[in-house]
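Work through the exercises below with the model open beside you. Try each task before you read its solution.

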Amino acid sequence: MANFNIDAVKERTFQAIVIGSGMSGSWAAKELCEHGVKTLVIERGRDVKHIKDYPTTNMLPYEFEHRGQIPLEVQKENPIVSRCYAFREDAAHFFVKDKEHPYVQEKPFDWIRGYQVGGKSLLWARQVQRWSDFDFEGPARDGFAVDWPIRYKDIAPWYSHVEKFAGVSGNKDGLPHLPDGEFLPGFPLNVVERYFQDQLKAHYGGSRHMILARCAHITGNLDYYAQQGRAKCQSRNLCQRGCPFGGYFSANASTLPWAEKTGNMTLRTNAVVHSIIYDEEKGKATGVRIVDTQSKEMEEYFADVIFVNGSALNTNLILLNSTSNRFPNGLGNDNGLLGKFVAFHNYRAGISAEYHGHLEYTTQGGRPTSGYFPRFRNVFKQETDFLRGYAAGFSANRGVYPEQGGVGMHLKENLLNPDQYGPWRVGSHMMGETIPKESNYVALDPNQKDEWGIPLLRVNVDYDDNDEKMVKDYLEQMTEMFEKAGFTNIQTRDDRRAPGLDIHEMGGVRMGRDPKTSLLNANHQLHAVPNVYVTDGASMTSTATQNPSLTYMAFAARAAHHAMKTFG
Ligand SMILES: Cc1cc2nc3c(=O)[nH]c(=O)nc-3n(C[C@H](O)[C@H](O)[C@H](O)COP(=O)(O)OP(=O)(O)OC[C@H]3O[C@@H](n4cnc5c(N)ncnc54)[C@H](O)[C@@H]3O)c2cc1C
């Protein structure tokens, strides 16, 4: 700071700083800016403006040089990101390539990242299920991790707040363990999905459900969303390219332009946060150090309140790298637990089958969501030899394998010939809760640094015996349900994928009641540095089974309102 003049310091001083402009950071920014707080959003990647910077959004399949595929050479150079189903030619420009941002895998971990304005909110699959008290009470009930310092009632109004603004479609299902929200009309389930629902009712008497998965797509209340410049989802199913209609929620289409419109947001792109500045005399954090990705110069920015939303593992990295005399092992890390108790979702298992009924129907057109099995294992009581349980996706599609010969009218007739439609294909994939453990951790590499002088992250995260038992149970239970429904040619798989590919990494800066065993309090403030808030996946004490981003967004909005008290 020695060479800063007072004006320069003033120019670099804000009321709040938000690190990361993705799913969760953009919510903190929106809430703060909307309520008059001068906020600097710092983003390591480039700017991505809604519509203008979606280069592939309206491209037709034949306009892609490789017809949508990633060339083998690129796959070989990028084995980690190539394992992500959405890393295809139409969206590859929104993913981090392996070599550009290395990290150290003490054990295999596929870290999938999106370093640009909007983060991974451009790429996500938009599945948004609420948590319930069966999740928040999980660690205390089942004796793992630490008790969450909050319960469903604390977060429920914030789920509503986020759902209304983001736009979430779904049905009111009335399930205590998957609470209903502020839903726009749901997309229809098809005839075989409805058939399977009925089969579950008939065979399991209401103890197992397959419902429509709630997803962050606009399907109604169009005037309200027009204020954001967003329109109804067109079911194009090209979401990962960025949606020119703003039909699904992304930071780029929704929260960031809203924050910008207030005139209170300043966006600093191409700026990697190196660390948070802790002032020993004041006993609080006073700003952040960034490295400009182009010039490689270090700069400092100052604020009263700092939100860390770099995505779970990057948030851990930033805090671990924020050392001072007071915090030699990372900001707020008095108990040595920073970086530990990292967990994820177990997506290893899947099942597929055929169904030869309802052949008089077929499916047409796209739909941006699918069916969803809320957790049914160990919900109301412990019933298996493993802890917790799994949710699962479910969908049915009519296979169409027509003769593709001919041109013009002949080709059209071939393609539309109903005799050439195959049976229905049904499938499901597992989404298992994993148990956070001290032995699953991230840490800074003592020797290796990235090109901005920031230590590389070492990742040491693995499955355990509980996960193995859960995979086995999922495959057994799904096979049983598929058989009962009359599905045939059932194929099960355990692809043994590494953790990380679920893209639901969580923990390391967990919430809790006791500063001796947790890093954050019930308001997402570091116990030891209360003007620093963490509201992304790093804050998660346990993982539940639900896709987590809705919870991060609700946490960010709630914590932003708490932080506003600082400003009177
Ligand atoms: C293909 C795919 C499908 C998914 N599907 C779903 C789904 O259906 N449902 C669901 O809930 N979740 C889903 N996810 C996960 C979801 O995208 C993440 O949970 C969510 O984006 C996390 O929000 P975040 O704010 O923590 O991180 P991000 O959205 O990744 O944003 C973090 C931002 O911080 C920036 N940043 C990082 N480090 C620094 C630094 N040092 N300095 C400055 N800036 C920094 C990054 O560049 C990024 O812009 C999916 C993800 C992918 C990729």
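**Exercise 1: A threonine in a loop**

T434 touches A343, F344, H345, N346, D467 and T543, leaving out residues up to four places away in sequence. The model is a predicted one.

Task: Place T434 among the elements, decide whether T434 is buried or exposed, and find what its side chain reaches.

Solution.
- Step 1. Locate the residue. T434 sits in the loop between β14 (421-433) and β15 (441-449).
- Step 2. Check its cover. T434 has 2% relative accessibility, so T434 counts as buried.
- Step 3. Follow the side chain. The side chain of T434 reaches the backbone oxygen of F344 at 2.8 Å. F344 is also among the residues that T434 touches.

**Exercise 2: Two methionines**

Task: Say which elements hold M470 and M298, and state for each whether the residue is buried, partly exposed or exposed.

Solution.
- Step 1. Start with M470. M470 is in helix α13 (residues 465-484).
- Step 2. Read its accessibility. The value for M470 is 0%, and therefore M470 counts as buried.
- Step 3. List its contacts. Beyond four places in sequence, M470 touches F386, L387, R388, G389, Y390, M430, G432 and E433.
- Step 4. Take one partner further. M470 and G432 are 38 residues apart along the chain, and their C-alpha atoms are separated by 7.3 Å.
- Step 5. Turn to M298. M298 belongs to strand β8 (residues 298-308).
- Step 6. Apply the cut-offs. Buried means under 20% and exposed means over 50%. M298 has 44% relative accessibility, so M298 counts as partly exposed.
- Step 7. List its contacts. Leaving aside neighbours within four places in sequence, M298 is in contact with H274, R289, I290 and V291.
- Step 8. Add a distance. M298 and L72 are 226 residues apart in sequence and 38 Å apart in space, C-alpha to C-alpha.

**Exercise 3: Two helices**

Task: Compare the end-to-end reach of α7 with its expected span, then do the same for α8.

Solution.
- Step 1. Take α7 (residues 152-166). Its 15 residues reach 20 Å from first C-alpha to last, close to the 21 Å expected at 1.5 Å a residue.
- Step 2. Find its buried side. The buried residues of α7 are Y152, I155, A156, W158, Y159, S160, V162, E163, F165 and A166.
- Step 3. Ask what covers them. The cover includes α2, α5 (133-136), α9 (222-226), α10 (255-261) and α14.
- Step 4. Look just past the end. G167 follows α7 with a positive phi of about 85°.
- Step 5. Take α8 (residues 191-204). Its 14 residues reach 20 Å, close to the 20 Å expected.
- Step 6. Find its buried residues. These are V191, V192, E193, Y195, F196, Q199, L200 and Y204.
- Step 7. Examine both ends. N190 caps the N-terminal end of α8, with a side-chain oxygen 3.2 Å from the backbone nitrogen of V192. After α8 comes G205, whose phi is positive, near 50°.

**Exercise 4: Unusual phi values**

Task: Find where R126 and S235 lie, and explain what stands out in their phi values.

Solution.
- Step 1. Recall the rule. Most residues other than glycine have a negative phi.
- Step 2. Check R126. R126 is not a glycine, yet its phi is positive, about 65°.
- Step 3. Place R126. R126 lies in the loop between β3 (104-105) and α5. Its relative accessibility is 10%, so R126 counts as buried.
- Step 4. Check S235. S235 is another residue other than glycine with a positive phi, near 50°.
- Step 5. Place S235. S235 is in the loop between α9 and α10. With a relative accessible area of 22%, S235 is partly exposed.

**Exercise 5: The ligand**

Task: Which polar backbone atoms lie by the ligand, and how much of its area does the protein cover?

Solution.
- Step 1. Go through the pairs. A backbone N or O atom of V273 is 2.8 Å from a ligand nitrogen. A polar backbone atom of Q116 is 2.9 Å from a ligand oxygen. For P548, a polar backbone atom is 3.4 Å from a ligand oxygen.
- Step 2. Read the cover. On its own the ligand has 990 Å² of accessible area, and the protein covers 97% of this.
- Step 3. Name the elements. Those giving two or more residues to the shell are α2 (23-34), β6 (271-279), α11 (312-320) and α14 (549-563).
- Step 4. Sort the shell by class. The shell has 15 nonpolar, 17 polar and 5 charged residues.
- Step 5. Pick the nearest. Of the 37 residues around the ligand, S24, E43, A125, V273 and S549 come nearest.

Technical notes:
Residues are numbered from 1 along each chain as its sequence is written. This is a predicted model: local features need pLDDT of at least 70, side-chain atom pairs count only at pLDDT 80 or more; totals for chains, interfaces and linings use all residues. Side-chain values use heavy atoms; hydrogens and water are left out. A residue is near a molecule or strand if one of its heavy atoms lies within 4 Å of it. A polar contact is a pair of N or O atoms within 3.5 Å; within protein, one must be able to donate a hydrogen and the other to accept it, and residues adjacent in sequence count only if both atoms are side-chain atoms. Accessible areas come from the Shrake-Rupley method with a 1.4 Å probe; for residues, only the protein chains shown count as cover. Helices (H or I, at least four residues) and strands (E, at least two) are DSSP runs, numbered from the N terminus. Ala, Val, Leu, Ile, Met, Phe, Trp, Tyr, Cys and Pro count as nonpolar, Asp, Glu, Lys and Arg as charged, and the others, Gly among them, as polar. The expected span of a helix is 1.5 Å times one less than its number of residues. Buried means under 20% relative accessible area, exposed over 50%, partly exposed in between (1.4 Å probe, protein chains only). Contact means heavy atoms within 4.5 Å.
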